[in-house]
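Work through the exercises below with the sequence and the model side by side, trying each task before reading its solution.

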Amino acid sequence: MLDNIKNKNISFKEPNLEKYIDNYIDKLHLSSDIKYGINTSDIIVITIGTSIKNGMPLMDNLWNLIDEILNCSIKNKLFIFKTTLPLNTIEKIKNIFEENTDLTADKDFYISFCPERVVEGKIIEELKSLPKVIGGIGPISTELTKNFIKPLGGKIIIVKNPQTAEFIKLMDNSFRITLFGFSNDLTYISSKNDIDIYEAIDAANENYSRNNIPYPSCGVGGYCLTKDPYYLEQSFHDYGIERGFFSTWFYARESCNHKIEYITKIISNTLESKNIPIKQANVLICGITYKENIDDTRDSHGLL
């Protein structure tokens, strides 16, 4: 990836990104040496990816990075985390730093969580316009982060601690999956009752400000909506067990996962009704990426 950037070879579609690479490539120092990068920087922005397996967060990438950071000088450094994280991860990182050094958070080193909220295909535009949520481990961390982030544009929203900022990021995508799960579940009713779901949703939304019902789909994939609701569910899990059922966003995520089985069953039944063996059928699938007008196929239900 670093060689691609150096050669101005962008392997994914993002409007206007090439222009910025052209303008700023000579000002960038690109390196895969983490220790060198941290020791020679005052501000470290961490965007490392995390994932999920069987509904549980996979955080190995992050914890391996934290181990590497502990081999560096962190005194007077500001660490801004933008990676989507389970609740209280920043607090754990702060404690690890303090336990492994003689330094004090928000005095000798600084940490904040400022979640990334842009969508692929509109990253440049939204970096300039969307509000930026900042939760620091203390007032100095928050102020330093604000001063760094502010030139990007968009409103700065300060919350009282990192876990609130972590919560907001998880809320964003869990809210969206809940909406999509609702729409997808409607299709099970409409298909059995001679109802055109698109006509029904259009009519329900039209000139009615309290409705913003999205269209259903073959499911909901992508890098964020696939894992973020499960990250939030980790903090809800004990209460879910106590009351006897889990969260609305958990069931919405599960419903969207099930939509793959539902769609393939419809295709299979349709082919069977026409006496066409499924292994001999030509099936055109339109929409392989997880959202429109991008080239990213990560966790796309069109592929599953």
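Helices (H or I, at least four residues) and strands (E, at least two) are DSSP runs, numbered from the N terminus. The model is predicted, so that local features need pLDDT of at least 70 and side-chain atom pairs count only at pLDDT 80 or more, while totals for chains, interfaces and linings use all residues. Residues are numbered from 1 along each chain as its sequence is written, and side-chain values use heavy atoms, with hydrogens and water left out.

**Exercise 1. Place Lys53 in the chain and state whether Lys53 is buried or exposed.**

Solution. Begin with the secondary structure: Lys53 belongs to strand E2, which covers residues 51-53. Next apply the cut-offs, by which buried means under 20% relative accessible area, exposed over 50%, and partly exposed in between (1.4 Å probe, protein chains only). Because its relative accessible area is 54%, Lys53 is exposed. Finally, look across the fold, where Lys53 and Tyr230 are 177 residues apart in sequence and 9.8 Å apart in space, C-alpha to C-alpha.

**Exercise 2. Describe the surroundings of Pro86 and Thr89.**

Solution. Start with Pro86, which sits in the loop between strand E4 (78-81) and H5, and which counts as buried because its relative accessibility is 14%. With neighbours within four places in sequence left aside, Pro86 is in contact (heavy atoms within 4.5 Å) with Pro57, Met59, Glu166 and Tyr231. Then turn to Thr89, a residue of helix H5 (residues 89-99), which is buried because its relative accessible area is 3%. Leaving aside neighbours within four places in sequence, the contacts of Thr89 are Met59, Leu62, Trp63 and Glu166. As a last step, take a distance in the other direction: Pro86 and Ile201 are 115 residues apart in sequence and 34 Å apart in space, C-alpha to C-alpha.

**Exercise 3. Which values of phi do Asn88 and Asn275 have?**

Solution. Recall the background that most residues other than glycine have a negative phi. Asn88, however, has a phi near 75°, which is positive in a residue other than glycine; Asn88 is found in the loop between E4 and H5 and is partly exposed because its relative accessibility is 35%. Asn275 has a phi near 60°, again a positive value in a residue other than glycine. Asn275 lies in the segment after helix H11 (248-273), and a relative accessible area of 69% is why Asn275 is exposed.

**Exercise 4. Which residues form the negative surface patch, and which form the nonpolar patch?**

Solution. Patches are made of residues with over 30% relative accessible area and no salt bridge, where like charges are joined within 9 Å and nonpolar side chains (Val, Leu, Ile, Met, Phe, Trp, Tyr) within 5 Å. A salt bridge is a side-chain nitrogen of Lys or Arg within 4 Å of a carboxyl oxygen of Asp or Glu. The negative patch is formed by Asp196, Glu199, Asp202 and Glu206. Of these, Asp196 lies in the loop between helix H8 (162-190) and helix H9 (197-205) and counts as partly exposed because its relative accessibility is 44%. The nonpolar patch is formed by Ile43, Val45 and Phe148, which together have about 220 Å² of accessible area. Val45 has its place in strand E1 (residues 43-46), and a relative accessible area of 37% is why Val45 is partly exposed.

Key
Areas by Shrake-Rupley, 256 points an atom, 1.4 Å probe, with all protein chains shown as cover. Lys, Arg positive; Asp, Glu negative; His and termini not counted. Charge placed at Lys NZ, Arg CZ, Asp CG, Glu CD.
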